Structure formats: C-alpha cells, structure tokens
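The following exercises are to be worked through with the coordinates at hand. Each task is followed by a solution in steps.

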Protein chains: 2
Amino acid sequence: MYKIKKLDRSQQDQIIGNIDQKTKPQGALGQLEGLALQLALVLGSKNAGEQQGRLTQVESIQIEQPVMLVFAGDHGIAAENISIAPSEVTQQMVMNFLQGGAAINCFCRSNDINMEVIDAGILLPIENARLTQQSLGHGTNNFVREAAMSKQQVEQGLQFGKKVVEKHIQNGSNVFGFGEMGIGNTSSAAAILSSITHQPIENCVGRGTGIDDEAFARKTRLLKQATEFHKQRLAEHYSEPIEVMSAFAGFEIVQMVGAMLAVAENQNIILVDGFIATAAAMLANKLYPGCRDYMVFCHQSDEQGHQLMLKHLSAQPLLNLGMRLGEGTGAALAMPLVRAAASFYNDMASFESAGVTAV
Amino acid sequence: MYKIKKLDRSQQDQIIGNIDQKTKPQGALGQLEGLALQLALVLGSKNAGEQQGRLTQVESIQIEQPVMLVFAGDHGIAAENISIAPSEVTQQMVMNFLQGGAAINCFCRSNDINMEVIDAGILLPIENARLTQQSLGHGTNNFVREAAMSKQQVEQGLQFGKKVVEKHIQNGSNVFGFGEMGIGNTSSAAAILSSITHQPIENCVGRGTGIDDEAFARKTRLLKQATEFHKQRLAEHYSEPIEVMSAFAGFEIVQMVGAMLAVAENQNIILVDGFIATAAAMLANKLYPGCRDYMVFCHQSDEQGHQLMLKHLSAQPLLNLGMRLGEGTGAALAMPLVRAAASFYNDMASFESAGVTAV
C-alpha cells in the first residue's frame, strides 16, 4: 500500500564533510549536527529523486510550511474511569483547538507552524467548517472485552491519514508534526507498547495526565486483563501491527500511522511528539521499518512508558521538559531546533570562507 | 554599586492560579510552567515598580526585543598550549561574528534575536564599526603565574558590562542572552568554579571544545598549579568574587558579570548559556545572591564542570543537546522556549473561558 523508499545515503559523507567544515570544532553542536545530517539526507534524497536519479551535492536544507496535524478520537476504555476526565472532554478540547485556545495553538503560533484538526472518531461530533471530518466512528469499542475496531476500520483509518498528508504535500509542506487528543489514549498506547515489544504491561502503564493511585491500580489491572485477552485471542498474530491496531488502537492513532507513512513515502520529515504519537510511530515502523529514517523524535514525555518506546526505536529525543500533555506540544516546541539545524547547515561559514584556522 | 531588588513574590499565588486554570492538567507543561512563573514574576515585578508600588495582577508576559551580547576576550594562559586553537582564532571568530557566519549568528537570525559583539579585550584588535570597543587590554595575564588582571580592571570591566546593557534597556529590550568567545576560557571558568565552590580542580576541568588526552593532562596539571598558587597568595580571600575575577577571569567574563548584574538591577531576564557564561552567573550571584531569580538556565553543556555549576546554582537547564561551543548558542536556542512559555501564559484559554470541564 505504501512505497517507503530506503533513504539514499550516497551523499552522506559529503554532508558530514559540509558540517565538519563549519566554523566550530567537530561535534560541538551536539544533537543538532545529527539532526542537520538527517534533514539533509531526507530532503536531499527527495530532490535527487526529482532530478531523475542524478545526485547533486546537498547544498542546503529547505524547510517548507511546517504543519501540525492534530487527530482526535475517543476510546471505549474511557468508560472504565481510568482517566482524569470523561470522554466529553475530548469534544471540549477539540472545540478549544478550533477556537485557538489550547497549548498546541499557542505553540504553533509562537513557532510559525500551520495547524489542522481532524475528527478521527470522537464520541460527540462537532459541526465546524474548520474541523476536518474523517470520523471512523463515535469512539472505539472498549478493548478490555473486544477489539477496539475492525480491520476494515484500520485500513480506512490508514487511508484517511494518508489523504490529509497528501493535501499538504501538494501545498508544498515538507515537515509534519503529529499531535492527538483522546481521553483514554494513554491506555491504548500502553497496550500497543506492550504488544509490540513484549514488555510486561506493568512497565508500560503510566499516570497519563495525572491519575491518582487508585485509578492507576485500576488502569494497570484492566490493561493486564485486556492484553491477556487479546494475546489469547490472537495467538501468534498478537504482535502483527494490523492486529495490534485493531485490538488496542484509537481512531486517532490509526490515522496518525497512515499519515506518518504517507510523509515517509513522500520523503518528508515526521516530527514525533510524545507517548501516543510515538505509539503510532512504532506501528508505522513495524509496518515499514524504512520510515524510521524520516522521523525526528522531538521530546521525552514524563509518561514512564515513553522511555521504553524511544529505546525500542533507538531514538534520542531533542527535548526533555517533563511535559505530559500530548496535542503535539512537544513536537511544536522542537520545530525551532529543526529550523536552527537547517540554519547552521545552510548559512554558517566554513573555515575556508571565513578565514578561520581549522581546528 | 548595583541595587538588585528582591523579587516581588506577592503575586506568586495569583500567577500560579492563572497557570493552573489553563486548559491542561496541572503541571502538564513541565518546566515551561516554572519558566512562565519566573517570567511573570520578573517582568511583573518591574511593572509593579513602575506603578509606584501598587501591585496589579500579572495579566501577561511581554517579551521585548531579545538581545544576545557576545563578549570576546583573550587569555594569557592560552600560551601554555592547552586549547585546540591558538589565540589568533579569537580574532578570526570575532570577524566571523561580524560577518554573520558563526553558529550564534545563524541561531540569532533563526530565533529573531538581535546580536551585539563586544571586544572586551582580545589579543589582536579589530577595526570595525559594528564591533563595540570596550577592551580592557590585549588578553589577560597568564594566571598560572600571576593574577589574570588587576582589581581596577575588574571594576572597569563590570562598568563596561553595565554600560552595554543599559543602552539596550533604553531601547526597550527586556531579555538578554550572554555569549562569549575566547580561546582558553574554559580554563578560566574551571578555576572560577573550583575557587568558588571549593571543588578539587580535577572535577572542574574539561576538554573544552575537544582537546586530546595529552593536552587535557597538561591543562589539569597547570590549573592545579594555578589554583594552588592563588590560594596561597590570597589565603582567606581566595573565594571572594572580586579576588576570584582578578585571579582567574577573562575580560569577557568580567564584562558578562557586570552586564548580568545590570540586567538583574533593571529586573529583566538573563539567559545563561554554557560553561563560561555560567561561571559569570556564579560570580554575579556570589556578589549579589538576589540576581539568581532573574536567570534562566538555557542549556547543559557537554563540558563536565558545567553540571557542578548548575548544581551549585540549583538550576535545571531547559536544553541538553550535548553542545560545547559557547558563543551564546545554547541561550539562543532556548529563546523559543521562553517565547512559548509567554505564549501559553498570555493566550491559552482557561477551563472557564473555553467551557472545558476542569481536571
């Protein structure tokens, strides 16, 4: 369904050479140097493709119209009272996104990122021209007792995710942030983490945006029950990504997976946010391992399972600010670092051009 | 000489109340929440003062024309061959700053920060209208054998630093980043760290921008000799900040101290960069402990002693990207986080205004 091209590394030595000739000691810009290399490889590969395979030196990194896609969906498991808020809050927060009042709105404005909000399947729909309507249903099933969604819904969700990305690619965007909203979705992400990595569920569950000890114990117990149920049901297919999504995902997660794959297919940059978005990144990567190369891991969430996800993906995030909000906030905050990496790659003098003694 | 006002915390509960009423779980924005509180306290205290002591609620945080002050100075100790580059590179890099080709230029442009370069005392002067000339001499003395500078030079340097800040305050700036350039200045910063905190010098020395094992051993040996010499010479005055500066500082460090104190005096925000700038921050704070409240610690440098400095100042930096370049690069990269903190404080909806069920 997706054609994820292997990243073209034929110019890698040249790009590293460019970085090492900048007027700074080698490696002195730390993670930004690796980020610049990745940006040059990804966006350079794309240009190479457009020039019918003829490779030219990667001279500059052009960041075009970054966009933040915020997918919202509700979760049947929220009925079990394992979140700090009821499912109605998903709808309220989507309204807040549309009115420009949420944290993600502030950070997108402050960092010059366009934002689109998608109803991937919230419980209580909203009539609003600014909301992209591609609902897969009014919330998922409660995955403690049954599959969260059908495999048809998974396939449809992947398509919906792809569609929204392709629209922005036609408009010229080449950097995509991913955010989400969905009461209950840390439960979904924890189960996805456990099923894909075979970690005990206890290591994968966290407090979401801040539940108390009692709710945390209940959440852990329910997720143990849920993962055992689906493990038995699916037997040797338990870790297959389509089955994992059908069993545990949210509509917003499935659409994010499809959207991330579409970004990778078009050789653009994926900005991965926190716990939920990284669950989607794991699934995308399990389906097509090549898409890992297109992903920038933006922040480390305070949710404990997120570290396991990042380790699984061999990812070192750019930011670690103790945040646990989702919405794409960590990805939005990392956007200036992406621009800074492009900026030094494009505009910093070399030892030769500046007449500085090479070190 | 400086009048550093104690931070007015009378509105602190109100500010925290504002933050907690935003449409997010309490604490979900992690370090950005503490940053917003600090910004509101500092810039709010200032407004309160302007209204003849009558306190009004801190409604918004206004960031005005952030400026990056990059102080350059040379170090006599560089003659001992303990850096990856000779002192001439200081001059070459200052030229690079003036031509816009260094990393700090790229990051200031990319993050919308004005930049001023100051000759605080480089070895080989530069005639250039864009360079602020306030040289204290052509490099310091080699502090292995004598004081780096006289106490008169220290006093003059503090004044020079103050002067450059006051100009920008008159132009409306209220956020100041601090950067530096000076071959040899990690040696100076390591000695300052050791003398102020009484840490053994071995714990304070690092590899700067990347010296090899042999140079590192020589650097450690020389700094041990230097700190023992000045300890004996100064006896019970060894940790006094003016003596520490005279013994070990660079001209760029002394001017940064004066500049930071002037920012605190005017109740504005100090963005502290890496190892060298934090040495200046420690000295400023040792002179006037109240100025700690005005400091935002922007990044953790890869230089090992920097962690000790941050610990000494009870500071948790915003970024940790494995950088070791100086120039103010870490501070420039943190500026978007400062803007993001102001942005959510100013523009994010409250539970009430957005009609979201409070969590």
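The exercises below concern a predicted model.

**Exercise 1. Symmetry of the two chains**

Task: Determine how chain A is related to chain B.

Solution:
- Step 1. Superposition lays chain A on chain B with an RMSD of 0.0 Å.
- Step 2. The operation consists of a turn of 180° and a shift of 0.0 Å along the axis.
- Step 3. The two copies are therefore related as by a two-fold rotation axis.
- Step 4. The same surface serves both copies, since 100% of the contact residues of chain A recur in chain B.

**Exercise 2. Overall form of chain A**

Task: Decide whether the radius of gyration of chain A agrees with or departs from that of a compact globule.

Solution:
- Step 1. For 359 residues, a compact globule would have a radius of gyration near 21 Å.
- Step 2. Chain A has 20 Å, and therefore agrees with this expectation.
- Step 3. Along the principal axes, the C-alpha atoms of chain A fill a box of roughly 65 × 40 × 40 Å.
- Step 4. Of the 359 residues in chain A, 64% are buried.
- Step 5. Among contacts in chain A with a separation of 6 or more, 75% come from residues 24 or more positions apart.
- Step 6. The secondary structure of chain A comprises 14 helices and six strands.

**Exercise 3. The sheet of chain B**

Task: Establish the strand order of the open sheet in chain B and identify which strands stand at the edges.

Solution:
- Step 1. The six strands follow the order β3-β2-β1-β4-β5-β6, with parallel pairing.
- Step 2. β3 (131-133) and β6 (295-297) of chain B each have a single partner strand, so one side of each is left without a neighbour in the sheet.
- Step 3. From one strand to the next, the twist averages 30°.
- Step 4. At one end of this order, strand β5 (residues 269-272) of chain B runs parallel to β6(B) and is joined to it by three bridges.
- Step 5. Within β6(B), Met295(B) stands opposite Ile270(B).

**Exercise 4. Surroundings of strand β5 in chain A**

Task: Describe the strand partners of β5(A) and state whether its faces are covered or open.

Solution:
- Step 1. Strand β4 (residues 175-181) of chain A pairs with β5(A) in the parallel sense over three bridges. Here Val175(A) stands opposite Ile269(A).
- Step 2. Strand β6 (residues 295-297) of chain A also pairs with β5(A) in the parallel sense, over three bridges. The bridge partner of Val272(A) in β6(A) is Phe297(A).
- Step 3. Ile269(A) and Leu271(A) lie on one side of β5(A), and Ile270(A) and Val272(A) on the other; all are buried, and both faces are covered.
- Step 4. Together with helix α11 (residues 275-287) of chain A, β5(A) and β6(A) make a right-handed β-α-β unit.

**Exercise 5. Two buried residues of chain B**

Task: Find which residues are in contact with Asn185(B) and with Val356(B).

Solution:
- Step 1. Asn185(B) belongs to helix α6 (residues 185-197) of chain B. Its relative accessible area is 5%, so Asn185(B) is buried.
- Step 2. Not counting residues up to four places away in sequence, Asn185(B) touches His75(B), Glu180(B), Glu252(B) and Ile276(B).
- Step 3. Val356(B) is found in the segment after α14 (351-354) of chain B. With 6% relative accessibility, Val356(B) counts as buried.
- Step 4. Leaving aside neighbours within four places in sequence, Val356(B) is in contact with Val89(A), Gln92(A), Met93(A) and Asn96(A), as well as with Thr23(B) and Phe351(B).
- Step 5. Val356(B) lies 48 Å from Lys162(B), C-alpha to C-alpha, and 194 residues from Lys162(B) in sequence.

Notes
Residues are numbered from 1 along each chain as its sequence is written. Chains are lettered from A and ligands numbered from 1 in the order in which they are written. This is a predicted model: local features need pLDDT of at least 70, side-chain atom pairs count only at pLDDT 80 or more; totals for chains, interfaces and linings use all residues. Side-chain values use heavy atoms; hydrogens and water are left out. Copies are superposed by least squares on the C-alpha atoms of residues with pLDDT of at least 70 in both. Contact means heavy atoms within 4.5 Å. Buried means under 20% relative accessible area, exposed over 50%, partly exposed in between (1.4 Å probe, protein chains only). Helices (H or I, at least four residues) and strands (E, at least two) are DSSP runs, numbered from the N terminus. Two strands pair if DSSP finds at least two bridges between them. A crossover is right-handed if, with the strands pointing away from the viewer, the path from the first strand over the helix to the second runs clockwise. Axes are lines fitted to C-alpha atoms, for helices over the stretch in contact, and angles run from 0 to 180 degrees between N-to-C directions. The radius of gyration is taken over C-alpha atoms; the globule rule is 2.2 Å times the number of residues to the power 0.38.
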